[in-house]
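Biologist: I am new to this structure. Please take one small part and look at it closely, then work outward from there into the rest of the chain.

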Amino acid sequence: MVPLAVASVSSSPLATTALLSNGRPIRARLVAAADGQKSPLRRAAGIRTIETRYPQTSIVTTVRHQRPHRGIAVEHFLPAGPFAILPMTESRSSIVWTERSELAPRLVALPVPAFAAELAARFGEFLGAVEPIGPRWSYPLALLLAERYAAPRLAVVGEAAHTIHPIAGQGLNLGIRDVAVLAELVIDARRLGLDIGDEAVLERYQQWRRVDVLALTAVTDCLNRLFSNSVAPVRLARDIGLTLVNQIPPLKRMLMHDAMGMVGDLPRLVRGQPL
């Protein structure tokens with residue numbers, strides 16, 4: 001079966017119609033544009049974006065290691081950018097390796113033994129011998145923020161609304177909170193017999209998500225600039241700060257809760273409550 005795409009969306013005061021690529025129309029009260037960073041739906045709605053490119057590229061692959069990871073994710077902060085080791089099933093991990101954009105294509109193109117050596121040098125020995133086992137691909141890193149998260153009968157969700165630096169892996173968490181907020185607002189409006197695509201519902205979605213998105217965007221951008229910095233005074237201040245955080249348990253717990261998205265005005269699903 002050939003996957004279908006949304007060719008266009010047209011809205012009226014009472015409903016919206018999505019025209020699929022096979023010509024079939026679907027009528028609804030609300031459309032969620034979750035179609036990625038280059039979102040055709042966002043563009044068609046006339047929602048502008050703020051964008052900037054990082055001088056970094058992420059290399060993604062899968063590795064097998066000698067010892068089990070015990071479900072623990074690890075992130076090394078290297079001069080070129082973060083090197084994330086994310087646990088998968090069995091003794092495998094997914095690698096998100098941030099490198100300078102001019103060097104990344106040469107690393108991806110290396111023969112298997114040379115690539116494995118470069119990867120092992122950054123991975124470390126804490127899980128024993130490591131072996132690349134999956135395909136490699138790369139993508140340039142960028143920051144993107146939509147100026148609005150809503151248009152008539154349209155909610156912009158996930159990377160269509162915001163693309164942030166992958167440091168600390170917070171992009172997925174932001175998208176999950178988008179979905180949780182939108183689901184809560186839609187369910188509550190439906191229970192009250194209200195129109196789920198009403199302007200008031202969409203304005204509430206936009207207001208609820210804006211502070212969280214802007215705050216986390218600023219944090220990840222600053223962290224990347226801080227840790228991808230080889231200037232001696234900056235490195236010294238960074239290391240002292242990390243040491244202090246590690247030695248003050250309440251501060252450490254607060255930062256961990258913040259990184260997990262467990263602070264602020266959280267939707268019910270994120271708090272583990274039913275809709």
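## From one serine outward

Modeller: Start with serine 8, which is in contact with Thr17, Ala18 and Leu19 once its neighbours within four places in sequence are left aside. Everything described here comes from a predicted model, not from an experiment. Serine 8 sits in strand S1, which covers residues 6–11. One of the three residues it touches is Leu19; the C-alpha atoms of serine 8 and leucine 19 are 5.3 Å apart, although 11 residues separate the two along the chain. Is serine 8 buried, partly exposed or exposed? Its relative accessible area is 35%, and a residue counts as buried under 20% and as exposed over 50%, so serine 8 is partly exposed.

The strand pairing gives the setting for those contacts. S1 pairs with strand S2, residues 16–20, in the antiparallel sense, and the pairing runs over five bridges. Within it, valine 9 stands opposite alanine 18 of S2. Alanine 18 is also among the residues that serine 8 touches. The two strands belong to an open sheet of three, ordered S1-S2-S3, with antiparallel pairing. At its edges are S1 and strand S3 (25–28), each of which pairs on one side only. From one strand to the next, the twist averages 20°. Serine 8 therefore belongs to an edge strand, since its place is in S1.

A second open sheet also has three strands, in the order S4-S12-S11, but here the pairing is mixed. Its edge strands are S4 (31–33) and S11 (150–151), and each of them pairs on one side only. Between S4 and strand S12, residues 154–156, the pairing is parallel and spans three bridges. Alanine 32 faces alanine 155 of S12 across that pairing. Helix H5, residues 199–227, lies across S11 and S12 and runs at about 10° to S12.

Further along the chain is histidine 162, in the short run of strand S13, residues 162–163. Is this histidine buried or exposed? Its relative accessibility is 4%, which is under the 20% limit, so histidine 162 counts as buried. Its side chain is joined to that of aspartate 178 by a polar contact of 2.6 Å. Leaving out residues up to four places away in sequence, histidine 162 touches Leu144, Leu145, Leu174, Gly175, Asp178 and Val213.

Strands S6 (residues 74–78) and S7 (residues 81–87) form another antiparallel pair, again over five bridges. A hairpin with two residues in it joins S6 to S7. Phenylalanine 77 stands opposite proline 82 of S7 in this pair. S7 leads on to the aromatic rings.

How many aromatic pairs does a search of the whole structure find? There are four. One of them is phenylalanine 83 with phenylalanine 123, an edge-to-face pair at 6.5 Å centre to centre and 85° between the planes. This pair links distant parts of the chain, because phenylalanine 83 lies in strand S7 and phenylalanine 123 in helix H3 (residues 112–123), 40 residues apart. Both of these phenylalanines are buried. Phenylalanine 123 also pairs with phenylalanine 126, this time stacked, at 5.5 Å centre to centre and 15° between the planes. The partners in the stacked pair differ in exposure: phenylalanine 123 is buried, with a relative accessible area of 0%, whereas phenylalanine 126 is partly exposed, at 36%. Ring pairs draw Phe83, Trp97, Phe115, Phe123 and Phe126 into one cluster.

Finally, the whole protein. The chain holds seven helices and 13 strands. Of its 275 residues, 37% are buried; histidine 162 is one of the buried ones. Among contacts between residues at least 6 apart in sequence, 66% join residues at least 24 apart. The protein exposes about 15,400 Å², and carbon and sulfur atoms supply 62% of that area.

Methods. Residues numbered from 1 in each chain as written. Predicted model: local features only at pLDDT ≥ 70, side-chain atom pairs only at ≥ 80, totals over all residues. Heavy atoms only, no water. Helix = DSSP H or I, 4+ residues; strand = E, 2+ residues; numbered from the N terminus. Buried < 20%, exposed > 50% of the residue type's maximum accessible area, 1.4 Å probe, protein only. Contact = heavy atoms within 4.5 Å. Areas by Shrake-Rupley, 256 points an atom, 1.4 Å probe, with all protein chains shown as cover. Axes fitted to C-alpha atoms, helices over the stretch in contact; angles between N-to-C directions. Polar contact = N/O pair within 3.5 Å; in protein donor to acceptor, adjacent residues only side chain to side chain. Phe/Tyr/Trp six-rings, centres within 6.5 Å; stacked < 30°, edge-to-face > 60°.
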